[in-house]
Amino acid sequence: MDVARLKQSWSLVAAHGDQVPLYFYSALFLNHPETRQMFPTNMAGQRDRLVTALAHIVTNVDQVDRLVGFLQDLGADHRKFAVRPEHYPAVGEALLATLQHFLGEQWTDELAQDWAGAYGLVSQVMIDAAQAAEAVAPPWWVAEVVAHERRAFDVAVLTLRPQYLLPFMPGQSIGVSHPAVRSWRYYSPANAPRQDGTLELHVRAAPGGVVSSRLVYGLAVGDQLHLASPVGDQLTLRSAGASDLLLLAGGTGWAPVKSIVEQVAAEGSGRRVDLYVGARSRLEFYDTDAIEKLAASFPWLTVTYVVGADPQRPGEFVHAADRALADGDWRSRHVYVCGSDEMVGHSVQTLSRAGYHAGQLHHEGLGMHWYGPAWRTALDASAPDNSRGAR
């Protein structure tokens with residue numbers, strides 16, 4: 001297998017932009033219509049994911065250790081789309097047809113053999129990983145909605161009861177899908193693990209968001225959702241040791257931060273925790289009852305609300321990180337940040353400039369909404385550190 005030839009040919013194909021995934025999925029669905037049901041109705045996001053994943057695979061084709069882990073995650077994750085071993089040849093056929101189409105006269109027998117061999121190795125690693133994952137966890141959990149509260153026009157707090165225990169760590173994210181929608185989005189539980197196994201999710205309806213809109217506006221008690229295995233470790237407490245914490249939350253980014261506070265309470269470590277909760281206006285603090293209850297219950301927890309927009313100062317906006325830095329020097333602490341793209345990017349940049357080092361700043365990778373662990377790996381490897389927030 002000629003690695004240089006693979007990389008060069010992919011660079012030529014990738015230069016055609018959106019036409020590449022459009023041709024690929026057209027070929028796949030026309031020749032194998034049974035695969036269409038595994039994909040969402042709106043394919044826009046899926047097209048981006050295909051190109052990113054292929055670029056990551058080809059870029060790292062000569063770095064076996066790094067690539068194998070990515071492919072194993074990808075194979076295990078794809079179980080939730082009902083992908084079976086028999087589907088892989090169809091995808092390989094569509095991939096080779098796409099490469100041949102865009103390379104034209106540069107598509108040779110030798111190049112075809114290289115790509116067929118590379119895809120064979122890739123698909124086998126994914127298949128083996130999916131089969132190994134079957135012994136550890138199901139493709140998805142079925143969960144019943146036991147409570148659904150609209151806290152704002154576009155925000156709902158859900159309580160879910162999985163059919164059986166779904167283990168997770170505070171700060172991780174869990175895939176959520178409605179049975180009627182062939183799309184998944186990832187949300188962080190707003191609670192530490194409970195004895196009854198229930199999960200609390202905070203969901204804001206995103207413009208055009210098929211999953212989030214259905215969760216906020218189209219869900220009722222008694223309905224069922226599908227949940228995928230938890231992923232991510234950027235917001236977990238393991239790397240913080242026993243350090244005191246500074247927590248910065250914006251909007252529904254409060255959810256994983258809330259679970260971290262509950263974990264600190266459960267471990268009884270004696271940490272000092274300072275929490276800054278930000279919102280554009282006072283009306284957007286949708287979970288104040290829970291925040292006040294936590295603050296009243298634990299003397300080690302200090303809470304500060306930060307209202308970003310001040311009517312007396314039009315055009316100015318104060319982030320939670322700005323207020324925290326104005327209040328004190330937290331460089332001896334680990335800092336956890338979760339919120340919108342803008343909020344996380346601004347916070348990380350501001351804290352870095354103030355002398356906080358990368359090892360003490362914890363936040364999810366920057367980019368787009370969670371798709372799955374393998375997608376996150378590829379996105380983190382290709383995206384700049386200031387392009388993504390969480391939720």
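This report walks through the fold, the sheets and a few side-chain details of the structure above.

**The chain as a whole**

Please keep in mind that this is a predicted model. Its secondary structure comes to 12 helices and 11 strands. Of the 391 residues in the chain, 51% count as buried. Among contacts with a separation of 6 or more, 72% are between residues 24 or more positions apart.

**Around strand β1**

A good place to start is β1, which covers residues 141-152. This strand pairs with β2 in the antiparallel sense over 8 bridges, and the two form a hairpin with 2 residues between them. β1 also pairs with β6 (residues 224-227), again in the antiparallel sense, over 4 bridges. E144 shows both pairings nicely: this residue stands opposite R161 in β2 and also opposite Q224 in β6.

The table gathers the strand pairings for which bridges are given here, including one from the parallel sheet described next.

| Strands | Sense | Bridges |
|---|---|---|
| β1 and β2 | antiparallel | 8 bridges |
| β1 and β6 | antiparallel | 4 bridges |
| β8 and β9 | parallel | 7 bridges |

**The parallel sheet**

Further along the chain, 5 strands form an open sheet with parallel pairing, in the order β9-β8-β7-β10-β11. Its edge strands are β9 (301-307) and β11 (361-362), each of which pairs on one side only. Within this sheet, β8 (residues 273-279) runs parallel to β9, and 7 bridges join them. One of the residues to look for is V273, whose bridge partner in β9 is L301. Helix α9 (residues 288-297) packs on the sheet and touches both β8 and β9. The direction of α9 makes about 150° with that of β9.

**Aromatic rings**

The structure holds 8 aromatic pairs. One of them joins W141 and Y164 in a tilted arrangement, with 6.3 Å centre to centre and 50° between the planes. This pair links distant parts of the chain, with W141 in strand β1 and Y164 in the loop between β2 and β3, 23 residues apart. How buried or exposed are the two partners? W141 has a relative accessible area of 4%, so this residue counts as buried. Y164 is at 41% relative accessibility and therefore counts as partly exposed.

Elsewhere, ring pairs link F24, Y25 and F29 into a cluster. Another ring worth a look is that of W184, where K80 lies over the face at 5.6 Å from the ring centre.

**Q172 in its loop**

The last stop is Q172, in the loop between β2 (155-162) and β3 (174-177). Is this loop residue buried or exposed? Q172 is buried, because its relative accessible area of 11% is under the 20% cut-off. Which backbone atom does the side chain of Q172 reach? The partner is the backbone nitrogen of M169, at 2.8 Å.

Leaving aside residues up to four places away in sequence, Q172 touches seven residues that can be picked out one by one in the structure: Y187, S188, P189, P230, V231, G232 and T236.

Note on methods: Residues are numbered from 1 along each chain as its sequence is written. This is a predicted model: local features need pLDDT of at least 70, side-chain atom pairs count only at pLDDT 80 or more; totals for chains, interfaces and linings use all residues. Side-chain values use heavy atoms; hydrogens and water are left out. Buried means under 20% relative accessible area, exposed over 50%, partly exposed in between (1.4 Å probe, protein chains only). A polar contact is a pair of N or O atoms within 3.5 Å; within protein, one must be able to donate a hydrogen and the other to accept it, and residues adjacent in sequence count only if both atoms are side-chain atoms. Contact means heavy atoms within 4.5 Å. Rings of Phe, Tyr and Trp (its six-membered ring) pair if their centres lie within 6.5 Å; planes under 30 degrees apart count as stacked, over 60 as edge-to-face and the rest as tilted. A charge sits over a ring if NZ of Lys or CZ of Arg is within 6 Å of the ring centre and within 35 degrees of the ring normal. Two strands pair if DSSP finds at least two bridges between them. Axes are lines fitted to C-alpha atoms, for helices over the stretch in contact, and angles run from 0 to 180 degrees between N-to-C directions.
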